[in-house]
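Here's a quick briefing for anyone opening this structure for the first time. Have a look at it below, then read on.

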Amino acid sequence: MAADDGMQVIIGLEVHIQLNKLRTKLWCSCTSAYHGKEPNTVLCPVCLALPGTLPVLNKRAVEFAILLGLALKGDVQKETFFYRKNYYYPDMCKNFQISQYDKAGGVPICVGGELAFRAGKEARTVHFMRVHMEEDPGRLAYDGSITTSPVAYVDYNRHGMALLEAVTEPELRSPEEARAFLKKLRAIVEHLGIADLGLEGSMRCDANISYKGHARVEVKNISSMKEVEKALMFEMMRQKQKIKGGGEIVQETRHWDEVRRVTVSLRTKETEKDYRYFPEPDLVPVAIDKKMLDAARKAMPELPDARIQRIVKQYQIPEYDASVLCDSKAMADFYEATVKIFDDPKDVSNWLMGDVSRRLNEDLVEIEETKLTPKALAQMLRLIKDGTITGKIAKGLVKGMLSGAMPADLVKEHAVKRIDDAALLGNLAREVIVENPKVVAEVKEGKNPRTFEFLVGQVMKKTKGQADPELTREILKELL
Amino acid sequence: MAKLHENTATELLRMLSAGETTPVEVMATYLERIGKLEPKIHALTFVNKDAALKEAERAAKELKGAKGKKKPLLGMPIVVKECISTTGIQTTCCSKILQGYIPPYDATVVTRLKQAGAIIIAKSNMDEFAMGSSTERSCYGPTMNPWDVNRVPGGSSGGSGAAIAAREAPLALGSDTGGSIRCPAAYCGVAGIKSTYGRVSRYGLVAYANSLEQIGPITITARDSAMLLEVIAGKDIADSTSVDVPVDKYSQGIASLEGLKVGIPKEFFGEGLKADVKASVEKAVDKMKELGATTQEVSLPSIKYALPTYYLIAMCEASSNLARFDGLRYGLRVDVPKGNYDAMFSKTRQEGFGPEVRRRIILGTYALSAGYYDMFYVKALKARTIIQDDFKKALAKVDVLVGPTMPTTAFEIGTKVDDPLTMYLEDILTVPINLAGVPSLSVPVGADKAGMPIGMQVMGNFFKEQQVLGVGMALEDVLQFHKKLPPLAGA
Ligand SMILES: [Zn+2]
């Protein structure tokens with residue numbers, strides 16, 4: 001997928017996955033449910049790293065890490081260690097981050113691994129260098145843009161949350177590929193049940209971007225999947241322009257400024273930080289024995305690839321439909337729950353992939369964030385099937401259903417029902433004929449069948465979509 | 001009859017449970033002594049006067065009930081080193097940078113002490129962040145040795161050592177990273193034990209060098225240390241490095257020294273050892289023989305590397321541990337007009353840390369940086385393993401090792417504080433034990449010509465605290481050093 005000008009970009013990602021499905025943070029018993037809480041209220045002496053406190057590893061976090069490692073077909077290590085990454089930054093209570101390290105004898109929890117995904121029509125596989133565990137720092141907040149804000153606020157509620165960092169080899173070849181890769185990774189994480197990725201900041205990225213033959217730039221602080229594509233596109237454009245203008249790309253670390261939608265230089269290679277990694281003396285090595293691995297394998301849920309194959313087989317829908325549904329676990333769950341109570345699998349997938357998804361995209365929400373239930377969708381499909389409402393009416397109900405209304409109630413409330421009163425439809429059809437003499441003439445010429453459908457549509461419009469389309473057609477044909 | 005303060009903690013406890021004295025009387029006695037002696041020795045940084053008296057009144061009531069009988073330290077005043085976290089009471093590590101910091105939580109040892117009925121009477125002075133062997137480097141000023149107020153009490157737990165020697169309290173806690181319990185115990189003529197690494201929870205001990213240090217008792221006798229260690233030792237889920245090994249009845253000691261194999265490491269008797277110290281320790285060894293022990297010379301050849309190994313590891317860990325003091329969340333904050341975070345924390349650290357702390361942070365930072373890490377830190381870890389192996393080999397042949405705790409006796413205040421290298425040499429006989437991780441008790445075995453106390457170390461195998469303490473008890477039963485009080489404390 002080389003760019004049209006022959007310049008080949010190479011992208012590697014470091015994806016941070018926040019294990020917010022853990023009950024507690026990584027080192028203490030503070031709740032992981034800090035989202036939406038008053039700043040600096042979800043804290044204890046340990047996660048605030050008060051003098052004298054010590055971290056105690058959350059065992060469940062190790063189990064989650066093993067699950068992801070196995071799901072990505074990585075090599076889960078028998079023994080793993082924590083290291084200190086030393087640097088001063090106000091979002092770090094200790095001014096070092098407890099992380100893992102793969103140099104100087106450090107062993108991350110999982111080495112290697114791969115992920116197969118679709119990018120457009122192409123089947124791609126990206127390899128991982130490692131998956132490691134670390135703690136989340138606090139969060140800095142600014143008045144507007146980071147580069148122009150006169151102050152910085154620190155909220156330590158996030159401090160000490162468990163993170164998994166999955167580091168890919170530099171094998172991605174475009175922002176679109178990066179997005180497709182992340183989408184698949186996201187679906188896997190969701191299926192594993194280790195993180196709720198709908199929560200703010202639950203999946204963050206750093207990206208390495210370089211053009212062949214030029215220096216590598218690291219872009220940090222990409223706060224969500226949606227931002228990744230934007231950040232990559234900007235950075236590629238910046239580098240490309242520089243190269244074309246005869247300039248040289250400097251090896252540096254840049255920061256994605258979400259507000260201004262640009263990357264800004266943080267530091268160059270000369271001022272690159274020396275993190276002074278050394279083994280964390282307050283934690284003991286973590287042994288991962290066969291028992292733990294067996295338990296993880298046993299607990300391993302069905303993953304997206306297997307689920308797609310099963311759905312295709314079980315419900316006889318096209319593989320394309322199944323894979324779109326399985327991009328999101330919540331969507332796939334919704335699909336299967338609906339099919340269980342409304343036995344027309346293709347009809348259900350059509351509606352979910354069609355009108356429901358369109359509506360979700362418009363509102364920028366995920367299905368699990370709405371109040372739509374499988375029961376409601378099944379009821380709507382049943383109303384169409386038994387002729388109570390038309391498909392057109394149904395489309396109009398989706399919005400209300402997303403807010404929690406049942407379609408039968410909406411129909412009753414707004415008296416939206418299929419109109420099959422021939423006398424009423426006849427009157428409306430006559431009105432339409434009188435109002436559209438030109439179209440009627442064209443219809444009579446019989447050249448364009450679409451002109452007839454236009455008249456049908458006009459009747460529909462007068463009934464707010466409630467007219468029975470078949471009956472309307474019959475009446476119009478007769479009248480003409 | 002002995003005056004109240006002349007008793008050991010063990011005897012005081014007996015008296016309390018027999019009704020021969022009361023917690024209020026005990027507390028009032030020590031508070032009065034503190035009032036009288038502090039101007040002379042400055043061992044304490046904070047006296048918990050009103051709260052301690054109230055606690056004593058409560059303890060008195062409790063002592064009459066059945067529940068009170070189950071609390072092994074009910075009504076006993078205890079001094080806690082300034083680097084051990086105490087809810088609502090300053091925990092400053094005697095550094096300017098922690099001025100104003102009052103912890104909202106108790107160290108695990110403090111929780112255990114409170115559950116056992118002990119009452120915090122005061123916090124004690126120390127070298128800033130436990131970096132020193134003289135308690136001269138405290139932001140509150142130096143502590144004086146009760147045996148001679150012109151001399152240092154040793155360090156870094158010099159406040160606890162001096163407080164016990166002066167009988168300002170019957171019990172104290174110190175912490176030992178490279179000798180910080182044993183050095184002041186030796187210089188002040190009291191007992192103190194650094195237990196096996198992992199024996200006592202470090203949760204709440206403000207870290208200097210995590211992989212080396214332990215909290216431990218500083219008391220009048222080894223028997224008192226044993227009793228106190230029984231209360232504070234044991235696995236703690238809040239400290240991953242604490243070990244789940246049963247806590248023995250340390251205070252029962254050992255039946256006798258009959259048949260005990262004692263190793264004398266020749267490296268402990270090398271150059272620089274003061275003649276008086278050598279003579280006192282040898283006399284104590286003779287006493288052990290009289291009691292039925294057999295001795296043999298052993299060798300710990302690698303301990304010549306102990307000092308640089310210790311300082312490298314300690315400084316590296318310290319450079320990272322002390323990074324959290326940046327003025328942002330607690331303690332001192334020095335704002336820089338129009339300055340950013342970098343300017344503020346740099347200024348805060350520059351003004352907040354004393355010169356020795358800054359020196360160790362800078363050296364540790366340097367040693368950990370890219371290109372030097374393998375040369376220094378990794379090499380130091382290797383040396384540490386070799387030193388540990390030497391101890392293992394020696395302790396496979398004998399039950400305990402004995403040797404002087406310090407090469408000299410307490411020196412005069414001001415004579416070494418400006419010469420870091422000479423000060424580092426003070427630790428030459430104590431740091432190998434921290435590197436090895438084994439337990440070591442210092443017990444007083446005599447005094448030099450000037451009357452300054454001399455301490456002997458009893459080192460044992462991993463988790464053999466009972467044996468180490470048992471040897472100390474047997475010795476003190478015959479030496480009776482604890483019956484001698486510094487003249488200043490006798491009245
Ligand atoms: Zn917490």
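What follows covers how two chains meet and how a metal ion is held.

This is a predicted model, where local features need pLDDT of at least 70, side-chain atom pairs count only at pLDDT 80 or more, and totals for chains, interfaces and linings use all residues. Residues are numbered from 1 along each chain as its sequence is written, chains are lettered from A and ligands numbered from 1 in the order written, and side-chain values use heavy atoms, with hydrogens and water left out.

**Where chain A and chain B meet**
- Chain B brings 37 residues to the contact and chain A brings 33 (contact means heavy atoms within 4.5 Å).
- Together they bury about 2,800 Å², with 58% of that on carbon and sulfur atoms (buried area is the accessible area, 1.4 Å probe, that two parts lose on being put together, summed over both).
- Ser240(B), Arg324(B) and Arg329(B) supply 21% of the area chain B buries against chain A, more than any other three residues.
- The rule finds 1 salt bridge across this interface (a side-chain nitrogen of Lys or Arg within 4 Å of a carboxyl oxygen of Asp or Glu).
- Asp282(A) and Arg202(B) form a salt bridge through their side chains, at 3.0 Å from N to O.

**The zinc ion**
- Cys28(A), Cys30(A), Cys44(A) and Cys47(A) each offer SG to the zinc ion, from 2.3 to 2.4 Å away (donors are N, O and S atoms within 2.8 Å of the metal, or 3.2 Å for Na, K and Ca; water is not among the atoms, so sites may look incomplete).
- Along the chain, the zinc donors follow the spacing C-x1-C-x13-C-x2-C.
- The arrangement is tetrahedral because the 4 donor atoms subtend angles of 102 to 115 degrees around the zinc ion (four donors count as tetrahedral if all angles lie between 85 and 135 degrees).

Definitions and conventions: Tetrahedral: all angles 85-135°; square planar, octahedral: opposite > 155°, others 65-115°.
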